[in-house]
Amino acid sequence: MRLLVARCEVRYTGRLSALLPEAVRLLILKDDGSVLVHDDVGGFKPLNWMTGPTVVEELGGTLVVRKAKTEDVLEIRLVHVLSDVEHDMGESAALQKDGVERDLQLLLAETPSALGEELTLVKREWATDVGPVDLMCKDDDGGWVAVEIKRVGTIEAVEQLTRYLGFIREDPAKAACRGVLAAQAIKPQAVALAESRDIRCVEVDLAVLRGEREPELTLFQ
């Protein structure tokens, strides 16, 4: 992994055009071809990025990042390099979900209808360029449904599912893919954000899924 801290200007062209004016930024060039441009504010999300695989060329004082089979180009004009280091990160180790999330995923994969609608599992850990979707399903009408599973649903979980949906919907055949956030408990702020993005929230009980107790009956008026 290469880490560059530099005063730079970043220009993106492709499906749209965007310009980041000259400023000091952190550039991350990963071995999988991903390139991320970070500022010192704005949280964990990069200001601009290109998912791998990519081709990176150094032309004079400019890094030119191209994504294969697309018109996407990221041009990073280096004005002044403050630091340029490379690190061997060793063999990658996949994220291990905690016991609750893992068990929820396995049980919901066996019985996706527990999410409150008739769903058919297509695949667990559906791969995308921005990470694996826990469950990829289809509904009765053949529509795609991406399910993200957490022990506790937070705003970060909604943001994560939003990134997955953005990638999935780039495929015209999945442009109408819906999102479902499933968790044992979901924070009110996460519910509000999810609703604003048409993401359905479902609270599930691990003990009920395991058959350890009967679901509570709720009377709706």
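Author: Contact here means heavy atoms within 4.5 Å, and by that criterion leucine 193 touches Ile155, Val158 and Glu159, not counting residues up to four places away in sequence. This is a predicted model in which local features need pLDDT of at least 70 and side-chain atom pairs count only at pLDDT 80 or more, while totals for chains, interfaces and linings use all residues. Residues are numbered from 1 along each chain as its sequence is written, and side-chain values use heavy atoms, with hydrogens and water left out.

Reader: Why is leucine 193 called buried?

Author: Buried means under 20% relative accessible area, exposed over 50% and partly exposed in between, with a 1.4 Å probe and protein chains only; leucine 193 has a relative accessible area of 18%, so it counts as buried. Leucine 193 lies in helix α3, and its C-alpha atom is separated by 7.0 Å from that of isoleucine 155, 38 residues apart along the chain.

Reader: How do you know which side of α3 its buried residues line?

Author: In α3, a DSSP run of H or I with at least four residues, as strands are runs of E with at least two, all numbered from the N terminus, the residues Ala190, Leu193 and Ala194 are buried. Seen down the helix axis, these buried residues fall within an arc of 100 degrees, taken from the directions from the axis to the C-beta atoms, so they line one face of α3. On the other side, Pro188, Glu195 and Ser196 are exposed.

Reader: What do the buried residues of α3 pack against?

Author: They pack against β10 (144–153), α2 (155–168), β11 (178–186) and β12 (199–203). Just after α3, aspartate 198 takes a positive phi of about 60 degrees.

Reader: What makes β5 and β6 a pair?

Author: Two strands pair if DSSP finds at least two bridges between them; β5 (residues 54–59) and β6 (residues 62–67) have 6 bridges, in the antiparallel sense, and therefore meet that criterion. Glutamate 57 stands opposite valine 64 in β6, and the two strands form a hairpin with 2 residues between them, where glycine 60 in the turn has a positive phi of about 65 degrees.

Reader: Why are β4 and β5 called edge strands?

Author: The open sheet of 7 strands has the order β4-β3-β2-β1-β7-β6-β5, with antiparallel pairing, and β4 (48–50) and β5 each pair on one side only. Further inside that order, 12 bridges join β1 (residues 2–13) to β7 (residues 73–86), which run antiparallel, with valine 5 opposite serine 83 in β7.
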